[in-house]
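Visitor: I'm new to this and would like to learn how to read a protein model. Could you walk me through one, feature by feature?

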Amino acid sequence: MLNYRNGLELMPSYDGVERSYRIKVNANESTLNLPPTVEERVLNRLAMIAFNRYPGEEYRSLVEQIAKNFAVDASQILLGGGSSEIIEKVFHAFGGAGRKVVFPQPSFSMYKIYAKAAESDAVPFNLDAQFDLDVDAFIAKIREVGANLAVVCNPNNPTGNALTPAQVEKIAASIECAFLLDEAYVEFYGQSAVNLVAKYPNLLVARTFSKAYGLAGVRVGYMIAQAEVTRMIDKAFMPYHMNVLSLATADIVYQMREEFVPRLQMIIAERERLAQRLEKISGVKVFPSNTNFLLIRLARAEELKNYLESLNIGVRYFAPTAFGLKNCLRISIGTIPENDEVFAAIKHFLEAM
Ligand SMILES: Cc1ncc(COP(=O)(O)O)c(C=O)c1O
């Protein structure tokens, strides 16, 4: 018998399984591939890569661009294989047996898995029925349990709502432990807290190229914090953990990020259009969203998910055990024709079946 690490057998796995659908709106990805002008430059850049060399210059180039954009020092930026790697390392760096990590629920399902991987105790804090966070009670909870790390996803996945910058600042100012703000969807909201990093040495902001920049397959994310914090978190990473293909791709995409503005605007406009149409269907509750997805609640959610699957449309359904998400479906915003087809299918199911 192989003797695995204690607890590995009981480690929960990520509950999303990727498969291809004709309309794939289950994973909050961009349903559009790169804009053609960006793709062309990426391919030209990839043709110039020194495959035989460890990455170095490519890492620095992307870090410098990001630092310049946020007017911070390059020492304040760390890159990761998606924001997933960064979040996992932050949990690792502030984790350990007996340490507590507090985060709202429902939220990104990986937080409890990262807590477990870091051998910390996950302390979920319940959002209210509208998925709002009682900020004062959250702060009180962090203090009461003597947390080592607090994590907030803003805007929140899968609920779509967001804390205001003032609420984020209140949390940062009121707690002494590390505060990781996961801004995976912030480009669809527009109100980042990166500017607070200069003021709060406990604030770490994680961002990703996977959502707004459509690079989910490339796996690049970044973190912004004070230099002393990045110096410590950096110790948790392996040498050369970022591959040169991803770095070069993200470098070009970031240089050309203006090219993504029209599609961001399209997604935001489509989110509102789809929300308004869905709200008109009797029995469908649409939660307000600041992201690239909508969360809806309806009595026959699982049946609807199965019906959509039969049409080769993938949406995200949550297990009945997922806190607060009973009868909920999460639908990412696609192109206009995709959203029209998803809407028509939902309407047909609820009104004619
Ligand atoms: C809230 C949140 N954080 C982080 C991630 C991880 O994204 P990535 O590792 O692709 O940057 C996701 C992915 O869905 C997410 O929803």
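Guide: Happy to. Let's start with one pair of residues: L295 stands opposite R330 in β13. Keep in mind that this is a predicted model.

Visitor: How do strands hold on to each other in the first place?

Guide: Here's the general idea: strands of a sheet pair through backbone hydrogen bonds, either parallel or antiparallel. In our case, β10 and β13 (residues 328–332) run antiparallel and are joined by five bridges.

Visitor: Which strand pairs with β10 over two bridges?

Guide: That's strand β9 (residues 285–286), and the pairing is antiparallel. K285 has R297 in β10 as its bridge partner. With six residues between them, β9 and β10 form a hairpin.

Visitor: Is β10 mostly covered or not, and how would I tell?

Guide: Count its buried residues: four of the five in β10 are buried, so to speak "mostly covered". For the protein as a whole, 43% of the 353 residues count as buried.

Visitor: Now the sheet of seven strands. In what order do they come?

Guide: Read across the sheet, the order is β2-β8-β7-β6-β5-β3-β4. The sheet is open and its pairing is mixed. At the edges sit β2 (77–80) and β4 (121–126), each pairing on one side only. On average, neighbouring strands here are turned by 20° against each other, direction ignored.

Visitor: Can you show me a parallel pair?

Guide: Try strand β5 (residues 149–153) and strand β6 (residues 178–182), which run parallel with five bridges between them. Within that pair, V151 has L180 as its bridge partner in β6.

Visitor: Which strands does helix α2 touch?

Guide: Helix α2 (residues 57–70) packs on the sheet, where it touches β2 and β8 (221–224). The direction of α2 makes about 130° with that of β2. Then look at helix α4 (residues 110–117), which lies across β3 (100–105), β4 and β5 and runs at about 155° to β4.

Visitor: Let me zoom in on one residue of β8. Is G221 buried or exposed?

Guide: The trick is to count C-beta neighbours: a residue is buried if 20 or more other C-beta atoms lie within 10 Å of its own. G221 has 23 inside 10 Å, so G221 counts as buried.

Visitor: And what is G221 in contact with, leaving aside neighbours within four places in sequence?

Guide: Its contacts include G80, G82, S83 and S84, as well as A206 and F209. As for E187, G221 is 34 residues away in sequence and 14 Å away in space, C-alpha to C-alpha.

Visitor: What about odd spots in the backbone? Which peptide bonds are cis?

Guide: For this one, look at omega. The bond from Q105 to P106 is cis, with omega near 0°, and P106 sits in the loop between β3 and α4. Another cis bond joins N154 and P155, with omega about -5°. You'll find P155 in the loop between β5 and α6 (165–174).

Visitor: Where should I look for a positive phi in a residue other than glycine?

Guide: Go to E119, where phi is near 60°. E119 lies in the loop between α4 and β4 and counts as partly exposed, with 15 C-beta neighbours inside 10 Å. N327 also has a positive phi, about 60°, although it is not a glycine. Its place is in the loop between β12 (316–317) and β13, and N327 is partly exposed, with 16 other C-beta atoms within 10 Å.

Visitor: Let's step back. How is the protein divided into domains?

Guide: Domain 1 covers 23–34 + 260–352, and domain 2 covers 36–255. Their centres, taken over C-alpha atoms, are 26 Å apart. Where they touch, 24 residues of domain 1 are in contact with 24 residues of domain 2. On the domain 1 side, the elements giving two or more residues are α9 (261–279) and β10 (293–297). That side has 14 nonpolar, eight polar and two charged residues.

Visitor: Last one: how many helices and strands does the protein have?

Guide: There are eleven helices and 13 strands. The radius of gyration is 20 Å, close to the 20 Å that the globule rule gives for 353 residues, so the protein is as compact as a globular protein of that length.

Terms used: Residues numbered from 1 in each chain as written. Predicted model: local features only at pLDDT ≥ 70, side-chain atom pairs only at ≥ 80, totals over all residues. Pairing = 2+ DSSP bridges. Axes fitted to C-alpha atoms, helices over the stretch in contact; angles between N-to-C directions. Contact = placed C-beta atoms within 7 Å. Domains from an automatic or database assignment. Nonpolar A, V, L, I, M, F, W, Y, C, P; charged D, E, K, R; others polar. Rg over C-alpha atoms; globule rule 2.2 N^0.38 Å. Buried ≥ 20, exposed ≤ 12 C-beta atoms within 10 Å, placed from the backbone.
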